[in-house]
Amino acid sequence: PFFEDRVFKVFNEAYENIINGNFYYRYMANRKCYKILLNDIIYFESQKRKITIHLTNGIQKQYYDKMDAVQKKLEQVKGDFWRIHQSILVNAKYIVSKGFDHIELSNGQILNISEDRRKEINEQYIGNINR
C-alpha cells in the first residue's frame with residue numbers, strides 16, 4: 001500500500017542528507033588517492049599545472065593537474081566553487097564580501113577577480129545573496 005506521509009518523510013530525509021551531507025574532493029598525488037571534505041576547502045590555486053588546495057586549517061595540499069579538470073570534478077560533486085581567475089577556484093561558502101575587482105574570504109585573504117570574469121562573478125554573487 002502507498003502511504004503518502006511515509007513517502008514524504010523518506011524523501012525529506014533523503015533531501016536533508018543531500019543538503020547536509022559530507023561531499024569530498026578526491027585527487028591523486030604520489031600514486032596515492034586522497035579525499036578532502038569540500039567544506040574544508042577555501043580555494044584552489046594553479047601554477048604551472050601544480051594545484052594548491054588551501055584548507056580552512058591553514059594547511060596547503062599540492063598535486064599536479066589542470067584547473068579545468070579540477071573544475072569538472074567539482075561540478076560532478078555539486079561543489080559551489082567560482083572561477084574568479086584562470087588559476088583560482090573559490091568555495092563560495094567562504095566569500096564574505098565582493099568588490100569590483102576582488103573578493104574577500106572569511107580568513108581575511110583578498111583575491112583578485114580577472115577582468116574577463118567580473119560580470120559572471122557579479123551575477124553569481126548577487127544570485128547567492130538572493131538565496
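This is a stop-by-stop tour of the structure, with a selection to make at each stop.

**Before you start**

The model is predicted: local features need pLDDT of at least 70, side-chain atom pairs count only at pLDDT 80 or more, and totals for chains, interfaces and linings use all residues. Residues are numbered from 1 along each chain as its sequence is written, and side-chain values use heavy atoms, with hydrogens and water left out.

**Stop 1: the whole chain**

Show the chain as a cartoon. It holds three helices and ten strands. Helices (H or I, at least four residues) and strands (E, at least two) are DSSP runs, numbered from the N terminus. Read from the N terminus, the order is α-β-β-β-β-β-α-β-β-β-β-β-α. Along the principal axes, the C-alpha atoms fill a box of roughly 60 × 40 × 25 Å.

Switch on the surface. The accessible surface is about 9,300 Å², and carbon and sulfur atoms own 49% of that. These areas come from the Shrake-Rupley method with a 1.4 Å probe; for residues, only the protein chains shown count as cover. Of the 131 residues, 32% count as buried. Buried means under 20% relative accessible area, exposed means over 50%, and partly exposed lies in between (1.4 Å probe, protein chains only).

Now the contacts, meaning heavy atoms within 4.5 Å. Among contacts with a separation of 6 or more, 36% join residues 24 or more positions apart.

**Stop 2: helix α1**

Select residues 4-20, which form helix α1, and pick Val7 inside it. Val7 is partly exposed, with a relative accessible area of 29%. Next, add Lys72 and draw a distance. The two C-alpha atoms are 34 Å apart, and the residues are separated by 65 places along the chain.

**Stop 3: the β1-β2 hairpin**

Select 24-29 and 32-37. These are β1 and β2, paired antiparallel over six bridges. Strands pair if DSSP finds at least two bridges between them. Strands of a sheet pair through backbone hydrogen bonds, either parallel or antiparallel. Zoom to the turn end: Ala29 stands opposite Lys32 in β2. Two residues lie between the strands of this hairpin, and Asn30 in the turn has a positive phi of about 50 degrees.

Stay here and show Tyr24 and Lys35. Lys35 lies over the face of Tyr24, at 4.3 Å from the ring centre. The rule for a charge over a ring: NZ of Lys or CZ of Arg within 6 Å of the ring centre and within 35 degrees of the ring normal.

**Stop 4: the aromatic cluster**

Show Tyr25, Tyr27, Tyr34, Phe44, Tyr63 and Phe81 as sticks. Ring pairs link them into a cluster. Rings of Phe, Tyr and Trp (its six-membered ring) pair if their centres lie within 6.5 Å; planes under 30 degrees apart count as stacked, over 60 as edge-to-face and the rest as tilted. The count by this rule is six aromatic pairs.

Focus on Tyr25 and Tyr63. Their pair is tilted, at 6.5 Å centre to centre with 45 degrees between the planes. Tyr25 sits in β1 and Tyr63 in β5 (residues 60-64), so the pair ties together parts 38 residues apart in sequence. Tyr25 is buried at a relative accessible area of 1%. Tyr63 is buried too, at 3%.

**Stop 5: the five-stranded sheet**

Colour β5-β4-β3-β7-β6 in that order. This is an open, antiparallel sheet of five strands. β5 and β6 (81-85) are the edges with a single partner strand each, so one side of each has no neighbour in the sheet. On average, neighbouring strands are turned by 20 degrees against each other, direction ignored. Axes are lines fitted to C-alpha atoms, for helices over the stretch in contact, and angles run from 0 to 180 degrees between N-to-C directions.

Select 41-47 and 50-55. Six bridges join these antiparallel strands, β3 and β4. Glu45 has Thr52 in β4 as its bridge partner.

**Stop 6: Asp65**

Move to the loop between β5 and α2 (67-76) and pick Asp65. Is Asp65 buried or exposed? Asp65 is buried, with a relative accessible area of 16%. Leaving out residues up to four places away in sequence, Asp65 touches Arg49, Lys50, Ile51, Val70 and Lys73.

**Stop 7: the three-stranded sheet**

Select β8, β9 and β10. They form an open antiparallel sheet in the order β8-β9-β10. β8 (95-98) and β10 (110-112) are the edge strands, each pairing on one side only. The average turn between neighbouring strands here is 25 degrees, direction ignored. β8 and β9 (residues 102-105) pair over three bridges. Finish on Ser97, which stands opposite Glu104 in β9.
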